[in-house]
Amino acid sequence: MVNNIPRTLLLVLTFSVHFFYAQNETPEKKTQIGFAQLDFLSIDMPDGNESNMDFTGIHYNAMLNDWSYAGLGFYGAVGGIRGGFFTLGLNLGIKKEIYRNVFVDAGLHFGGGGGASAPDGGGAFILPHVNLGYDFKYFSLSAGWSYIDFFDGGTITSNQLYASAQIPLSFDYTDFEKRQDKFDTDNLKETKWNSKSHRISAMVHLNNLSVKGDSKFVDGSSMNGRTIRLAGFEFSSFLSDDWFYFIKADGAYSGIPAGYMDIFVGGGYHLSMNKNRTNIQAKFGVGAGGGGGVDTKGGFLIYPDLSIEQKVFDNMYVSINKGYLMSPDSHFLSSTLGFGLKYYVEKDGIETSHNNSGKTVLKGVQTILKQDWYLDASRNGGFEQDMHQISLQINVFLNKYIYGAGQTSFANFGDAGAYAEGIVGLGVESNTFFNNKVSVFAQVLGGAAGGGGISTGEGLIVKPSFGLNYKLTNTLNLRGGIGYVKARGGSLSSVYGNFGLSYNLSFLTTK
């Protein structure tokens, strides 16, 4: 009898483990309807002798119901003389069909940013628009009126034509609280998750620009032979097994005065070999770049690139890339050499043409829009003044509590309109408590920052912080934090606080 106790205990524990594993309820598959948008406007600058600043934006908007939307967008200068002028902001709008695929689109963009010595004041601006468009099913086009006003001490104000192209782009998700729940694919075959997966990738990288030819600083001095060191992030989404589109952003942290950044969108071809352990990618991107004293004229740049990737473990790859970053007329010309760490994910379905272990896991993602307030931010003129910035942060949970984070920020109040940050790091977030309403977090981020007269030296900063979240709905939290920012090569050393909203989801990923 006694000898049977260990066997009985082992049997009970075995069934208990299976029982608790099986208690993960099948997650409800939800769909967020939305669309990506590219738009263009040509801004009349306040100096009558200056050519217009051509402004182009890339946005993602989520439909709140069948007639209204909210989202985020970036703008960058691509024509004129203000290369390096960038902004980030929030979109709110109405999009409603009025007659047989004809629709009206009226909205407001509120953001912050600036650069390239433009009269942007603190950086805060509004951009309302009213457009009339036509829906061609797979894409839509619209045009109309817009107005822009850099109202916090800036003098940029203009009425102009506003044109946009929109592409439907929806995604599937489930509740954030279910992050890290695991399932066998066999258990999901009779559910809505039994569909083809969608492959995406995310990469953090370091990129060196070796400047060549007649490239110059804006003061006319030569940049030939100068090396600019960048840190950044790249996101790719696959249209098929071979073709993909991408968006990437970089900021300088060494080699030139702080303030240079670039943003690109583009497409590429992906070739796998060695049983999917080795990949070759050819990419071509177009976008905007400048700042840090670099003369990119209007800011429009192209980015051809070739990279090779090698699997190191699981879905993680190391990447080496070689290419060019240049203006089309070679006014600014540089060769690129970069190194990155890339992670591939199969999401939204259990049918995949790539390696499949038969296991799935829900990955938590947070998209955070917040307002930062830097107390007594040190300026290059030897004085201190408060500075405010609008900030976008995306957290991807590596397990239930630890997340990797990427953040970009642009000044919008405090007479520093050209200041921007691009930083990455790690954080940790607790379970919820107080009736499942409150959680706490702590994080350390670092990367490139500069511009707007803020004393960041060559641009390297570090930002530790902590704070709490308060749950409003299953997807939306209030978020507040307190932290400290320190520039390695400059005198910026400030306590800061922030407050904003966090949009929280989980995506089904196939291992």
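This section describes ring contacts and one pocket in a predicted model.

Aromatic contacts were examined across the structure, which holds 22 aromatic pairs. One of these is formed by tyrosine 317 and tyrosine 344, whose rings meet edge-to-face, with 5.2 Å from centre to centre and 75 degrees between the planes. This pair links distant parts of the chain, since tyrosine 317 belongs to strand S18 (residues 316-326) and tyrosine 344 to strand S19 (residues 333-347), the two residues being 27 residues apart. Tyrosine 317 is buried, with a relative accessible area of 4%, and tyrosine 344 likewise counts as buried, at 3% relative accessibility.

A further pair is made by tyrosine 374 and tyrosine 496, which is classed as tilted because the ring centres lie 5.4 Å apart and the planes stand at 45 degrees. Here too distant parts of the chain are linked, with tyrosine 374 in strand S20 (residues 359-378) and tyrosine 496 in strand S27 (residues 493-510), 122 residues apart; both tyrosines are buried. Elsewhere, ring pairs join Phe55, Tyr75, Phe85, Phe125 and Phe150 into a cluster.

Charged side chains were also found over aromatic rings. Lysine 95 lies over the face of phenylalanine 103, at 4.9 Å from the ring centre, while the charged end of arginine 479 is placed over the ring of phenylalanine 441, 3.7 Å from the centre of that ring.

The second largest pocket contains about 500 Å³ of space. Its lining comprises 36 residues, of which Ala116, Ala258, Gly291, Gly292 and Gly293 lie nearest the centre of the pocket, and by class this lining has 20 polar, 13 nonpolar and three charged residues.

Terms used:
Residues numbered from 1 in each chain as written. Predicted model: local features only at pLDDT ≥ 70, side-chain atom pairs only at ≥ 80, totals over all residues. Heavy atoms only, no water. 1 Å grid on protein atoms, 1.4 Å probe; cavity = no way out; pocket = protein on both sides within 12 Å on 5 of 7 lines; lining within 4 Å. Points joined across faces, edges and corners; volume = space filled by probe spheres on them. Nonpolar A, V, L, I, M, F, W, Y, C, P; charged D, E, K, R; others polar. Phe/Tyr/Trp six-rings, centres within 6.5 Å; stacked < 30°, edge-to-face > 60°. Helix = DSSP H or I, 4+ residues; strand = E, 2+ residues; numbered from the N terminus. Buried < 20%, exposed > 50% of the residue type's maximum accessible area, 1.4 Å probe, protein only. Lys NZ or Arg CZ within 6 Å of the ring centre and 35° of its normal.
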